[in-house]
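Visitor: Hello! I would like a close look at a single part of this protein, and I am happy to hear a long answer.

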Amino acid sequence: MKTNKNVFASKVGAILAAAGSAVGLGNVWRFPTETGTNGGAAFILIYVLFMLLLGVPIMVTEFAIGRHGGEDVTHAFEKMSGGQRGWRWMGLIPLVSGFLVLSYYAVVAGWTLYYAYEALIGGFSGKSPEDFTNDFVAFSSDSLQPVFWMMIIIILTCGIVALGVQKGIERGARIMMPLLFVFILVLVGCSLALPNASKGLTFLFQPDFSKVNSSVILSAMGQAFFSLSVGLGCLCTYACYFRKDIDLMKDGLSVASIDTLVALLSGLIIFPAVYSIQGLQPDAGPSLVFITLPNVFQQVFGNISWLAYLFSLIFYLLLVMAALTSSISMLEMSAAYFHKNLHLSRPLAAVIVSVVCMLLGTFCSWSFGDWKDVTLFGMGFFDLFDYIVAKLIMPIGGMLMCIFLGWVVDEKVLCAEMTNNGTIKSPLYSTYRFIIRYFAPLCIFLIFANELGLFGFLK
Ligand code: PHE
């Protein structure tokens, strides 16, 4: 039985919490980076297609598995398969993924917190473009500073998770998500008023398909998965706290719409800003929001210094909040396991996961500095964790969940979950079932095989 404390109190709260997990650095930092380096509008179109055809169905799949499991994600797969013990191991995916993803995500989240702090104390004013580059490189490769900020992010996250489903996760999302929207709209307004904003719009909305190749397609799929937080079992974990009267399909579509909207609006903040200064290019990569943008804020508003101050501060606060609502869901994935299975109290479970993530996060942070040369499979810790999460677990996890729900679970159970035991209509049910049975597994397999070079002989 679900105890009331362990259920999101309202439908809106549930949507906001799931949207909070989805909306994060993936939208405001990774999306512009990927769009910039993959050529702009054509990438966005493919990304949106992946969102609709793969992202949303996998999200709904996670919702169904989690809610059916009720409270305990670890046994959700076993329960939904009608007690087949062979599927029990799938319940470990969220446990492992939570550690991996939070450890490196918190590093970048820490950078954003440090930049928010710098913005607050007016640390950007009077800096030259070279200063921004040098400062970022010096900061991110330092052995202590970024580790300190990463730890603060994890401590904040831990505090919220320890407060529980309603008082922590739901309340956090209810406060931060609306604020995040207001910040974004203010920044979009300012950015569109900049000189040359139209060039940024062209980059975002006029596709050039000559730039599309297989790696652009894989990146678009990876971005869609990462942005929606699907494939790791994160949304399964949240769906355990969903009420029985929530329309899973409708909620999935709402969350995906909010997520895509925030990504596009972030593009509307960032690219007009980049183009407002001659000579800057949108393909700066991961440093786009830490080097290019503070530089832009300083240069375009340079003579109205309070505007530069305000714009930078709001922008980095936005990043921090987006990061927090996501890191909460990451910590919850692993903490829920210890809380439910080892019967530890929620705060203790959260603290244990936090301590391990701080340690792993330190290694990830050092891979930008002291441990640059420490590599595994040719990658530093940070890149390795990102690769394992975004390019391996997310697509493979997503594919397995589709196969599980499409082929292993009794159709009656699936149908009952989608229609809330026949009390609501689910007009997209057959399309959805077709996608999770055939389209999604095949599509993910083909993209994967292509990336591994299995079709090389055809060329
Ligand atoms: N979707 C989040 C973002 O866009 C990242 C995330 C991935 C959150 C996996 C939870 C799980 O930043």
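Is arginine 174 buried, partly exposed or exposed? Please start there, and then show me the other charged and aromatic pairs.

Guide: Happy to! Please keep in mind that this is a predicted model. Arginine 174 is partly exposed, with a relative accessible area of 40%. Its partner is glutamate 170: the two form a salt bridge, and their closest N and O atoms are 3.9 Å apart. Both belong to helix α8 (residues 165-192), and because they are four residues apart there, about one helical turn separates them. Glutamate 170 has a relative accessibility of 4%, so it counts as buried, the cut-off for buried being under 20%. This salt bridge therefore joins a buried residue to a partly exposed one.

The structure holds eight salt bridges, so let us visit two others. Arginine 346 pairs with glutamate 332, with the closest N and O atoms 2.9 Å apart. Arginine 346 lies in helix α15 (residues 346-366) and glutamate 332 in helix α14, so this pair ties together parts that are 14 residues apart in sequence. Here both partners are buried: arginine 346 has a relative accessible area of 11%, and glutamate 332 has a relative accessibility of 0%. The salt bridge between lysine 127 and aspartate 135 has its closest N and O atoms 2.7 Å apart. Lysine 127 is partly exposed at 22%, and aspartate 135 is partly exposed too, at 33%.

Now for the rings. A pair of aromatic rings is described by the distance of the centres and the angle of the planes. The count here comes to 41 aromatic pairs. In one of them, the ring centres of tyrosine 105 and phenylalanine 226 are 6.3 Å apart and the planes meet at 40 degrees, so the pair is tilted. This pair links distant parts of the chain, as tyrosine 105 sits in helix α5 (residues 92-120) and phenylalanine 226 in helix α10 (residues 214-228), 121 residues apart. Tyrosine 105 is buried at 4% relative accessibility, and phenylalanine 226 is buried at 9%. Phenylalanine 226 also has a charged neighbour: arginine 30 lies over the face of its ring, 4.8 Å from the ring centre.

Another tilted pair is formed by phenylalanine 434 and tyrosine 438, with 5.4 Å between the centres and 40 degrees between the planes. These two are four residues apart in helix α18 (residues 429-451), so about one helical turn separates them. Phenylalanine 434 is partly exposed at 48%, and tyrosine 438 is partly exposed at 40%. Arginine 437 has its charged end over the ring of tryptophan 407, 3.9 Å from the centre of that ring.

Let us finish with the nonpolar core. The largest one has 168 residues, and Phe8, Phe50, Ile65, Phe315, Tyr316 and Leu405 touch the most other members. Helix α14 (residues 305-341) gives the most to this core, with 21 residues. Try finding isoleucine 65 on your screen: leaving aside residues up to four places away in sequence, it touches Ala76, Phe77, Met80, Cys236, Met401, Phe404 and Leu405.

How values were computed
Residues are numbered from 1 along each chain as its sequence is written. This is a predicted model: local features need pLDDT of at least 70, side-chain atom pairs count only at pLDDT 80 or more; totals for chains, interfaces and linings use all residues. Side-chain values use heavy atoms; hydrogens and water are left out. Rings of Phe, Tyr and Trp (its six-membered ring) pair if their centres lie within 6.5 Å; planes under 30 degrees apart count as stacked, over 60 as edge-to-face and the rest as tilted. Buried means under 20% relative accessible area, exposed over 50%, partly exposed in between (1.4 Å probe, protein chains only). A charge sits over a ring if NZ of Lys or CZ of Arg is within 6 Å of the ring centre and within 35 degrees of the ring normal. A nonpolar core is a set of buried Ala, Val, Leu, Ile, Met, Phe, Trp, Tyr and Cys residues joined through side-chain atoms within 4.5 Å. Contact means heavy atoms within 4.5 Å. A salt bridge is a side-chain nitrogen of Lys or Arg within 4 Å of a carboxyl oxygen of Asp or Glu.
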